[in-house]
Amino acid sequence: MKAIIRLRMSSHDAHYGGNLVDGARMLGLFGDVATELCIRLDGDEGLFRAYDSVEFLAPVYAGDFIEAEGEVIQVGNTSRKMRFEARKVIRPRPDVNDSAADVLAEPVVVCRASGTCVVPKDKQRGQR
């Protein structure tokens, strides 16, 4: 089972000089994807228990469009193991003009992670 969200990083997401977005913003997106996956699988938002691994692979800037994808790779009694990837699909082109942007021919992977969510047995409603 997979879920995907896409959104634009705004100037409010920029945390560092040069309009650089904090890597934690990608983890927030992964949390939203995980919530959707739990709802689709169990009819409940579940709880994010832990990340097993997180890799920040490329910078993200205000104005970038990010696509975050997640998939359930293993289902336990109450645990749901998930894998995530965030990709930059559009980038601004301020060198051209203040409103120019390019759709990237090949998305740039900016972050990968894996983690586990838990849905208590008494909250599972078997949406599978």
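How many salt bridges does the count come to? In this predicted model, the count comes to 14 salt bridges. Side chains of opposite charge can pair when their charged atoms come close. Three of these pairs are described below, followed by the nonpolar core, the cysteines, the aromatic residues and one backbone feature.

One salt bridge joins the side chains of Glu 67 and Arg 6, with a distance of 2.5 Å from N to O. The partners belong to distant parts of the chain: Glu 67 is in strand 5, which covers residues 65–75, and Arg 6 is in strand 1, which covers residues 2–8, so that 61 residues separate the pair. The surroundings of the two partners can be described by relative accessibility. Glu 67 has a value of 13% and therefore counts as buried, whereas Arg 6 has a value of 51% and therefore counts as exposed. Both residues also take part in a network of salt bridges, which links Lys 2, Arg 6, Glu 67, Glu 69, Glu 85, Arg 87 and Arg 112.

A salt bridge is also formed by the side chains of Asp 13 and Arg 25, at 2.8 Å from N to O. Asp 13 is located in the loop between strand 1 and strand 2, and Arg 25 in helix 1 (residues 24–42), so this pair ties together parts that lie 12 residues apart in sequence. The relative accessible area of Asp 13 is 16%, and Asp 13 is therefore buried. For Arg 25 the corresponding value is 26%, which means that Arg 25 is partly exposed.

The side chains of Arg 80 and Asp 42 form a further salt bridge, at 2.7 Å from N to O. Because Arg 80 lies in strand 6 (residues 79–92) and Asp 42 in helix 1, the pair ties together parts that are 38 residues apart in sequence. Arg 80 is buried, with a relative accessible area of 0%. Asp 42 is likewise buried, and its relative accessible area is 0%.

Attention now turns to the nonpolar residues. In soluble globular proteins, nonpolar side chains tend to be buried together. The largest nonpolar core of this model contains 23 residues, and Met 26, Ile 66 and Met 82 have the most contacts inside it. At least two residues of this core are supplied by each of helix 1, strand 5, strand 6 and strand 7 (101–118). Helix 1 provides the largest share, 8 residues. The surroundings of Met 82 can be listed in detail. When neighbours within four places in sequence are left aside, Met 82 is in contact with Ala 34, Leu 37, Cys 38, Glu 71, Val 72, Ile 73, Ala 113, Ser 114, Gly 115 and Cys 117.

Two of the contacts of Met 82 are the cysteines Cys 38 and Cys 117. How many disulfides does the count come to? The count comes to 0 disulfides. The cysteine sulfur closest to that of Cys 38 belongs to Cys 117 and lies 4.2 Å away, which is too far for a bond; a disulfide would require the two sulfur atoms to be within 2.5 Å. Cys 117 is accordingly in no disulfide. Cys 38 is buried, with a relative accessible area of 0%, and Cys 117 is buried with a value of 2%.

The search for aromatic pairs, applied to the whole structure, finds 4 of them. In the pair formed by Phe 48 and Tyr 51, the ring centres are 4.5 Å apart and the ring planes are at 35 degrees, so the pair is tilted. Phe 48 has a relative accessibility of 30% and therefore counts as partly exposed. Tyr 51, at 28%, also counts as partly exposed. These two residues belong to one aromatic cluster, which consists of Phe 30, Phe 48, Tyr 51 and Phe 84.

The backbone at Asn 19 also merits description. Most residues other than glycine have a negative phi. Asn 19, although not a glycine, has a positive phi of about 65 degrees. The residue is placed in the loop between strand 2 (14–16) and strand 3 (20–21). With a relative accessibility of 44%, Asn 19 counts as partly exposed.

Finally, an annotation from a record can be set beside the model. An unreviewed UniProt entry carries the annotation "domain: HotDog ACOT-type" for residues 1–123. In the model, this span is 15% helix and 53% strand, and its end C-alpha atoms lie 19 Å apart.

Technical notes. Residues numbered from 1 in each chain as written. Predicted model: local features only at pLDDT ≥ 70, side-chain atom pairs only at ≥ 80, totals over all residues. Heavy atoms only, no water. Phe/Tyr/Trp six-rings, centres within 6.5 Å; stacked < 30°, edge-to-face > 60°. Buried < 20%, exposed > 50% of the residue type's maximum accessible area, 1.4 Å probe, protein only. UniProt positions renumbered as here; feature names shortened; annotations may be inferred. Helix = DSSP H or I, 4+ residues; strand = E, 2+ residues; numbered from the N terminus. Salt bridge = Lys/Arg side-chain N within 4 Å of Asp/Glu carboxyl O. Core = buried A, V, L, I, M, F, W, Y, C linked by side-chain atoms within 4.5 Å. Contact = heavy atoms within 4.5 Å.
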